[in-house]
Amino acid sequence: MEILEIKKPEEKKKRARALLLFSGGLDSILAGKLLEEQDVEILALTFRSQFFGAGEAIRSAGELGWPLVVVDISPEQIEIVENPRYGYGRQLNPCIDCHGQMVRIAGQLLERYQADFVATGEVAGERPKSQNRQALGLVEKLSGIKGLVLRPLSARLLPATIPEERGLVDRNRLLDIFGRSRKKQLELAERYGLKEYPTPAGGCLLTDPGFTVRARQLMKWRGKLWPEDIELIKTGRVFFEPDGLIVVGRDERENEKIAGIAGETDILITTAGAKGPLAAVRLKEASQLAADSRVGVSAGREAGKGEIDKTWSESLPGPGPRTPLEDPSASSGRGAELARIVRRVQDGIIRPEKPCPGSVGAGIVSHEAVRKAGLLVIRYSRRARLKGRASVAVFCGGLVFELEFQKADWEKYL
Ligand code: SF4
């Protein structure tokens, strides 16, 4: 769990401090405002993961002048997505477990940040599955800090919490909002002079139907969710072959993203001498071997076999360190350099070589998933198939190989 203090909280000065779960949306802003009115210090706490970012919360906390802490929960959230105790919402969103975990982490941070309780912007009955009264109780149970979770917007409809009983917060000045109508929240926004705020619950990929389909296919294909695979399926057109995962860029921006995400064992394919998509092929076995060797399971296996000559890859800088706020899918220094080389191949400046029969290169270009990816690249590039034949460039092991197709090969894909 990585923690980043965007604006470090000062020493506690007032008699109470709330650690506010903060999305940057209207409900969490209002929850904080209601507590501020009661002279409670606000320390905003937000989360980020591979499925959602912290941008709105950072922007919003900055405007409000609240100190903010960002916690990266990517590994924890993946575990929950794979095995949710309380199931999914409409898509692959395990909101009850996820929210319970966020509150639990907040509870673990109370002492570190001299906070007296956790506050959230939850509204009873606002979301049928994750914010009905029973779900709010489950979240508190999962969090392990019973009695310390205050929901200022609906507090008067819920059992009294410890901060209310201790007199840190006056229950009578909290609210009793229930249901999906936003009327009361909008009135409050006007009262506090709030003009711009993001829509609630926006931005989590797990609530996206398209991403859900891909992620479900991925779990079936790999047997589990790997962070590297998740990054790959966020981009482009995605195809699952029995032994390979193929992603094809839809435009220049996605091509660059794919170049940035591609791992060292991934095979990249693009049009040779013509503008077109960039595809990445992740072979199941090769990526599994690489992962095993990373954790030392297969130390000494034939790592690097086939790296005959690092004609283009040698010059690539390393991926470099990631910060918790960095978009993991953004093109790194290495990815940007790789994208430049891809463009040179498309411009015909670098020419792919025909692999020698029986060589490693010949084995790679004849691999079923690689051939399928080559055909997909041709399918999505009109310029590549102007004649009766088309060739693609296959980047692997530091070399660029040519893979040629005839019209009859790709016609069935059109
Ligand atoms: S929408 Fe996403 S981030 Fe929010 S609680 Fe649900 S799963 Fe978690």
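**Notebook: core, sheets and ligand shell**

I began at Val394 and listed its contacts, leaving aside neighbours within four places in sequence: Ile267, Ile269, Ile364, Val365, Val370, Val400, Phe401 and Leu403. I note here that the model is predicted.

**Entry: the nonpolar core.** I looked up the largest nonpolar core and found that it has 110 residues. Val394 is among the residues with the most contacts inside this core, together with Leu20, Ala44, Leu45, Ile269, Ala279 and Val281. I then checked the core against the domain assignment: at least three of its residues come from domain 1 (2-191), and at least three from domain 2 (208-411). As background, I recorded that nonpolar side chains tend to be buried together in soluble globular proteins.

**Entry: Val400.** I turned next to Val400, one of the contacts of Val394. I placed Val400 in strand E12, residues 399-406. Is Val400 buried or exposed? I count Val400 as buried because it has 23 C-beta neighbours inside 10 Å, and the cut-off for burial is 20 or more. I also took the C-alpha to C-alpha distance from Val400 to Ile269, which is 9.1 Å across a sequence separation of 131 residues.

**Entry: the E11-E12 hairpin.** I followed E12 to its partner, strand E11 (residues 389-396); the two run antiparallel and are joined by eight bridges. I found Cys396 bridged to Leu399 in E12. Two residues lie between the strands of this hairpin, and Gly397 in the turn has a positive phi of about 55°.

**Entry: the six-stranded sheet.** I traced an open sheet of six strands with mixed pairing, in the order E1-E4-E3-E2-E5-E6. Which strands form its edges? I identified strand E1 (2-7) and strand E6 (149-150), each of which pairs on one side only. I examined the pairing of E1 with strand E4 (residues 68-72) and found it antiparallel, with five bridges. Within that pairing, I noted Val69 of E4 as the bridge partner of Glu5.

**Entry: helix H10.** I assessed helix H10 (residues 252-261) and found it mostly covered, with seven of its 10 residues buried. I listed these buried residues as Asn255, Glu256, Lys257, Ile258, Ala259, Gly260 and Ile261. What do they pack against? I recorded two helices, H9 (227-233) and H12 (333-346), and two strands, E8 (244-248) and E10 (278-283).

**Entry: Leu194.** I located Leu194 in the loop between helix H7 (183-191) and helix H8 (209-222). I class Leu194 as partly exposed because it has 18 C-beta neighbours inside 10 Å. Not counting residues up to four places away in sequence, I found that Leu194 touches Ile29 and Ala189. I also checked Leu194 against Leu64, 130 residues away along the chain, and obtained a C-alpha separation of 9.9 Å.

**Entry: the ligand shell.** I counted 10 residues around the ligand, the closest being Asn93, Cys95, Cys98, Cys204 and Leu206. How is this shell divided by class? I found seven nonpolar residues, three polar residues and no charged residues.

**Entry: the chain as a whole.** I closed with totals for the chain. I recorded 15 helices and 12 strands. Of the 414 residues, 43% are buried. Among contacts between residues at least 6 apart in sequence, I found that 67% join residues at least 24 apart.

Notes: Residues numbered from 1 in each chain as written. Predicted model: local features only at pLDDT ≥ 70, side-chain atom pairs only at ≥ 80, totals over all residues. Core = buried A, V, L, I, M, F, W, Y, C linked by C-beta atoms within 7 Å. Buried ≥ 20, exposed ≤ 12 C-beta atoms within 10 Å, placed from the backbone. Domains from an automatic or database assignment. Contact = placed C-beta atoms within 7 Å. Helix = DSSP H or I, 4+ residues; strand = E, 2+ residues; numbered from the N terminus. Pairing = 2+ DSSP bridges. Near = placed C-beta within 6 Å. Nonpolar A, V, L, I, M, F, W, Y, C, P; charged D, E, K, R; others polar.
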